[in-house]
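Colleague: Please take a close look at one part of this structure and then relate that part to the rest of the chain. A connected account would serve better than a list.

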Amino acid sequence: MVDSNLSFVRTEMLQGQTPPLAERGVVKWVRTNLFATPIDSVLTILALLLIAWFLPPVIRWAFIEASWVGPDRSVCSTVAQGGIQPDGWSGACWAYVNANFNQFMYGRYPIEEHWRVNLVGIMFVLLLVPLLIPKVPYKAVNAVTFFFIFPIVAFFLLVGGWLGLPYVETPLWGGLLVTLVISFVGICVSLPLGIILALGRRSKLPVIKMLCVIFIETIRGVPLITVLFMASYMLPLFLPPGVTFDKLLRALIGVALFASAYMAEVVRGGLQAIPKGQYEGADSLGLGYWQKTRLIILPQALKLVIPSIVNTFIGLFKDTSLVSVISMFDLLGIVKQHFSDANWASPQTPISGLVFAGFVFWIFCFGMSRYSLFMENRLDTGHKR
């Protein structure tokens, strides 16, 4: 019987080959994402035709025919309307936005004190950016500074009345300043309070569970306008004579409580998605309730609901425009308030102001959504190979 060795062992590695031209670069991306199937090809062509039909008029209105600078409404009106533009002209009135830009950003905050708002904004960015970058060290120190020290410093800088800073009452605040203050406070308060409410609703203690359920369902059962109205006009009626709160503070409390109720349900959904085995595994290690929740359950639950959390934050950021019902003017409110300015009354003024406000809101909301997608992909370790 003859032994035969049929095994084969390669003695040298094969050299890497260049992929076909159609399978790399732009050509590969186009074939994969735009023309992968006949249906994709038809949809891509229709989308390109729609863009070709829609984009040129928008570019012409927003850039080519736009009026960028000017002293009054005459630069945004045709001759027949009492302006300098030719009849049939249609373009964006960015001169109106440029002339009122400071009020859109600061409201009626004193011009000579704008540096205080700018300083708070710079501090906000310098503390937030390192907190959002995962590789930057000293996250604990950064978080404590951002969430606890920065709000106190920002409050004294914006309000003033100490160390020689003039006092600026909150009714003078407006524009993007109010939008960012309300949204920042609402976001920072709603997440931890929402987590506490979600844990309380799942508690086995009947009293705590009942109180959390009543709070969540009551707040979620009414619109935000009602909450703001109650906080601004009805709450003072229940206070002792002579006791009152700042209107902005009342709005901050109302928005924060409203957002916390919705955040509680988002977090509760994440808690319910955790398999029972995670709880049993934590119990088998001898972990207590708070250790189990903090180290095992809550991190997984929050990771699962990152899109819903950021969606709540985006909705809260846009809902700040509702403070106009209590005579406070955020960015959108102050833009709309200036529509009645006789110096800039023209057919193009309202749409130009609304486009500007919408673009500013879009920048912040798009930034939050992209960062949430980044964090979601970074934390999605369950399917890595």
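Modeller: The account begins with one pocket and then turns to the cores and to selected residues.

This is a predicted model, in which local features require pLDDT of at least 70 and side-chain atom pairs count only at pLDDT 80 or more, whereas totals for chains, interfaces and linings use all residues. Residues are numbered from 1 along each chain as its sequence is written, and side-chain values use heavy atoms, with hydrogens and water left out.

The part chosen is the second largest pocket, which holds about 300 Å³ of space. A pocket is found on a 1 Å grid over the protein atoms alone, as an open set of points where a 1.4 Å probe fits, with protein on both sides within 12 Å along at least five of seven lines; its lining residues have an atom within 4 Å of a point. The volume is the space filled by probe spheres set on the points, which are joined across faces, edges and corners. The lining of this pocket consists of Leu 199, Arg 202, Ser 203, Lys 204, Leu 271, Tyr 279, Asp 283, Tyr 289, Lys 292, Thr 293 and Ile 297. Two elements each give two or more residues to it, α11 (276–284) and α12 (289–304), and α12 supplies the largest share, 4 residues. Helices here are DSSP runs of H or I with at least four residues, strands are runs of E with at least two, and both are numbered from the N terminus. By class, the lining divides into 5 nonpolar, 2 polar and 4 charged residues. Ala, Val, Leu, Ile, Met, Phe, Trp, Tyr, Cys and Pro count as nonpolar, Asp, Glu, Lys and Arg as charged, and the others, Gly among them, as polar.

The interior comes next. The largest nonpolar core has 63 residues, and those with the most contacts inside it are Trp 94, Phe 104, Tyr 109, Leu 158, Trp 173, Leu 331 and Phe 356. Helix α10 (residues 247–272) gives the most to this core, 7 residues. Apart from it lies another core, of 16 residues, including Ala 198, Leu 199, Val 267 and Ile 297; Leu 199 and Ile 297 also line the pocket described above. A nonpolar core is a set of buried Ala, Val, Leu, Ile, Met, Phe, Trp, Tyr and Cys residues joined through side-chain atoms within 4.5 Å. Buried means under 20% relative accessible area, exposed over 50%, and partly exposed in between (1.4 Å probe, protein chains only).

Within the largest core, Leu 158 touches Tyr 109, Arg 116, Val 117, Val 120, Val 168, Trp 173, Leu 177 and Val 181, not counting residues up to four places away in sequence; contact means heavy atoms within 4.5 Å.

Two further buried residues deserve attention. Gln 348 lies in the loop between α14 (331–337) and α15 (349–379), and its relative accessible area is 13%, so it counts as buried. Its side chain makes a polar contact with the side chain of Trp 61 (3.1 Å). Such a contact is a pair of N or O atoms within 3.5 Å; within protein, one must be able to donate a hydrogen and the other to accept it, and residues adjacent in sequence count only if both atoms are side-chain atoms. Beyond its neighbours within four places in sequence, Gln 348 is in contact with Trp 61, Cys 76, Trp 89, Ser 90, Gly 91 and Cys 93. Gly 353 belongs to helix α15 and is buried, at 0% relative accessibility. Leaving aside neighbours within four places, Gly 353 is in contact with Tyr 96, Val 335 and Phe 339.

Several loop residues are less enclosed. Pro 171, in the loop between α6 (139–159) and α7 (176–201), is exposed at 52%. Its C-alpha atom is separated by 7.2 Å from that of Met 328, 157 residues apart along the chain.

Backbone geometry completes the picture. Most residues other than glycine have a negative phi. Tyr 138, however, has a positive phi of about 60°; this residue is in the loop between α5 (114–132) and α6 and is exposed, at 67% relative accessibility. Ser 327 likewise has a positive phi, near 65°; it is found in the loop between α13 (306–319) and α14 and is partly exposed, at 46%.
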